[in-house]
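User: Could you take me through the pocket that ranks second by size in this model, and then through the enclosed spaces and the chain contact that go with it? I would like one connected account that I can follow at the screen.

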Amino acid sequence: MRHTYISLPAVLLAGLALLSGCYSDDSNDNLSEPLKIEVSGIEPAYTVAPVGDRLKINPVVSPADRQYDCFWTVTPSTATWGEIPDTIARTENLDVPVNLSLGSYKLRFCAKDRQTGVFSYTEYNLNVTTDMNEGWWVLKSEGDSTDLDFFTDKKQKSDILLAANGHRLAGTAVNLAQTDSYWDFNEGAKADERCSAVFVASKNDLAAVDFFTGRIIRGFNDLFMDVPKREVRDLFTGPSDIHVYVDGHVYTLYNSKYSVYKQFVIKVLGDYDLSSWRHCAQSLPLLYNRSNDSFCSVSRTSSGIDYFPNAAPSPNKTGMDLVFLGGMTTSTYTQGDVALAIMKDRKTGKHYLYTLNGQPYSMGSSPITGTAEMPDGLGLYSADYSALNQNSRIVYYTKDNRLYACNLDSWTETLQDVQPAAGETVTYMEYLKYAPYGLDSSWFDYLAIATSTADGYKLYLHPVKAGKVMPAERVLTGKGRVRRACFMSYGSYGTDKTTLF
Amino acid sequence: MVKNILTSVSALMLLAGLSLSAFLLGSCSEDSGLVYADRARVQFYADGGSLPDLSYSFVWGSSTRQRDTLYIPVRVLGGPADYDRLADLEQVFDSAATEDAQAKAAVHYVPFSDEGARKLLTVRAGHVTDSIGVIVLRDASLKKAAVRLRLRIKENSEFGVGETAKLERSAIISDLLEKPSTWNRTTDYYLGTYSTVKHQLMIKVAGGKVDDEWIAKANASTSLIVYWRGKFEEALEDFNNDPANIASGLAPLREDASNPNSKLVTFPTKL
């Protein structure tokens, strides 16, 4: 009998062949390419200022013949993908004002195809850096409110307070001051940290403003423990202090590098009526109390007004009106070391020129170092605006919108060749000196004169040569009326400024 | 013989090894310090580690108040329980005072044996830090002089005692205006030397208690203490310039009103 051996592998193979033959192919052979969204027209990185700039980006999303839902987000660069970013726009084109703190961020753009749900999510660097490190700060009044304009060589930022805070300060402008030793609470570090601040005073307001962003760190109500009436008369500085004269009293804020002071906690006790003429040159401020016709000062370590000891001539109970006080710089690095005061004897009507120590470090001796009787009839006595040349004994003054120079040695008064333009009225004049230590190439002196025009203001920066006012090297323009101007430059050693006597 | 020697040597070595082991084991005695896992323990507690004297004065409360509760922070070692636990206290001699100045039970405080007083020694369920209370009594003697009550934690069925250095704490009880226990070098620097008259002025200006808590808060903020100093100076100046006070001899304000030669009340101006 023959045995037929059937090969098992062969059987299996056959089975497989049969099975494959029964398989029906339901696949779609008409597969199209998956949608791939491409985004272009966005730079890898952007650099903007924290306030005032606009972020404008018009991306190109392709394929162009489709409809997309888009949105933009911003998140700190240190954030993880799990953290919720801030959505800043839900449009394809981005056009938003920047209002971010200094730092590095991730800018993300999402374009989602409406039909398929396929989306593109791309990321770019966004750096927010200040553009206010160096420039001119112009304190101005706009109607019955106060704001700041800022000018660099290339850029102008108008209405800093309005742009950064949504409002100006109430009342017309009074003064400004700057410190690198203010304190603010850092939410990230959960600690108070020193910061640079500009203090801005207006007739009915006061604010500590961040130097780099213009944002208000603290407003009027938070700058005092017992909030005084909003009647601000003045703002001036001491050696490491800022003083504000409000509601009839001077309050002091200590700008300590080590202790946290955020408020004007020191009140100068007593009854006094301080003249608007004062001289502050990084030392005890030289003030004049009209209540008792006495030169005086204030200090963070004193609870009341401080007076100098009597001498001949006495700085106390002079019986005179102080009609002018200006500062001179006889030594480059002691700006304002000499002060010149014009006094008017109320009884006789005579005027006297007092020379004073412009930087008293103590109240131990009279600041008066010399006196001279002045001739009658000088136009200077009825000046509208006046400014003392810091390098020579010349007072520039305007009267009836005409600019003069009065030589305090020869008493001659000279009409200057440079005059306000027709249709412009002088609203501010100050001699500004900028002489930071070791940066001689950056030094300058200007007689700054601001005028009011139909369109706003013009701030002229006039060099002065041999006592003569020269045509302006630069003119800054803006809206409003200038109260004061100051050039500031922030560096690793602190902020250098034009003199703010 | 060699085998015997070897055997002997081996035995000796074995013996030596056993002896050494026994020695080593024997020198490893169990640490006799606190083993916090054995039972719950309680001790006094204060921020900063040290236990400054507590201060209680009846002057801060109503003139009709005759008793009050002084709460003392404690900490439990060994974790919380899910039920209330009673601590126990006893009075011990306070070496910082004479015998006459020691607080007396039932005169200056309610004894701990009193049921009401015992309840105040409760450490609540779920707590590892809590405050236990001592009822202080307003005896007439407290108007003349303060007394000191030194308390010591006692072991009981609920708690063992905690760290040795944290088992005792003193409380000063009076019906007088006492120098706040938190008046320290910082306070001296900004507010000057303490005096009762100065303290009274400060209370009047602050419009409320100027006690341990108030002083501690002021010490913690340079800005705050300088602000208040300005207020005190203003009040002092007003007082000293008041014609009526000048005429009556009350002004200038002195640290001892009855002694015209005593030091003037002043505040420093330094920062």
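Analyst: The second largest pocket has a volume of about 1,100 Å³. Please keep in mind that this is a predicted model. To find the pocket on your screen, centre the view on Ser276(A), Trp277(A), Ser386(A), Met429(A) and Arg483(A), which lie nearest the pocket's centre among the 43 residues of its lining. Six strands of chain A each give at least two residues to that lining: S14 (173–186), S18 (232–237), S25 (320–328), S29 (385–388), S33 (425–434) and S39 (481–491). By class, the lining of this pocket has 21 nonpolar, 12 polar and 10 charged residues.

Next come the enclosed spaces, and there are three cavities of 30 Å³ or more. The second largest cavity is a good one to visit next, with a volume of about 50 Å³. Its lining consists of Asn175(A), Leu176(A), Ala177(A), Leu235(A), Phe236(A), Thr237(A), Arg278(A), Arg484(A), Leu500(A) and Phe501(A). Two elements of chain A, S14 and S18, give two or more residues to this lining; both S14 and S18 also supply the lining of the second largest pocket. Sorted by class, the residues around the second largest cavity are six nonpolar, two polar and two charged.

The largest cavity takes us to residues of both chains. Its volume is about 100 Å³, and 13 residues line it, those closest to its centre being Ile266(A), Ser303(A), Arg229(B), Gly230(B) and Glu233(B). Strand S21 (266–267) of chain A and helix H6 (222–241) of chain B each supply at least two residues of this lining. H6(B) gives the most, with four residues. The lining of the largest cavity divides into four nonpolar, five polar and four charged residues.

From here you can move on to the contact between the chains, where 15 residues of chain A meet 12 residues of chain B. About 1,200 Å² is buried between chain A and chain B, and carbon and sulfur atoms give 57% of that area. On the chain A side, the residues that lose the most area to chain B are Met225(A), Tyr261(A) and Leu269(A), which together make up 38% of what that side buries. Two salt bridges are counted between chain A and chain B. For one salt bridge, display Lys267(A) and Glu234(B), whose closest N and O atoms are 3.3 Å apart. Four residue pairs between the two chains are in polar contact, with both residues at pLDDT 80 or more. The side of chain A that touches chain B is made up of seven nonpolar, four polar and four charged residues.

Finally, a few backbone details in chain A are worth a look while you have the model open. The peptide bond from Ala312(A) to Pro313(A) is cis, with omega near 0°, and Pro313(A) sits in the loop between strand S24 (306–307) and S25. S25 is one of the strands that supply the lining of the second largest pocket. The peptide bond from Ser62(A) to Pro63(A) is also cis, with omega near 5°; Pro63(A) is in the loop joining strand S4 (60–62) and strand S5 (68–76). Asp400(A), although not a glycine, has a positive phi of about 55°, and you will find Asp400(A) in the loop between strand S30 (394–399) and strand S31 (402–407).

Definitions and conventions: Residues numbered from 1 in each chain as written. Chains lettered and ligands numbered in written order. Predicted model: local features only at pLDDT ≥ 70, side-chain atom pairs only at ≥ 80, totals over all residues. Heavy atoms only, no water. Contact = heavy atoms within 4.5 Å. Buried area = accessible area lost by both parts, 1.4 Å probe. Salt bridge = Lys/Arg side-chain N within 4 Å of Asp/Glu carboxyl O. Polar contact = N/O pair within 3.5 Å; in protein donor to acceptor, adjacent residues only side chain to side chain. Nonpolar A, V, L, I, M, F, W, Y, C, P; charged D, E, K, R; others polar. 1 Å grid on protein atoms, 1.4 Å probe; cavity = no way out; pocket = protein on both sides within 12 Å on 5 of 7 lines; lining within 4 Å. Points joined across faces, edges and corners; volume = space filled by probe spheres on them.
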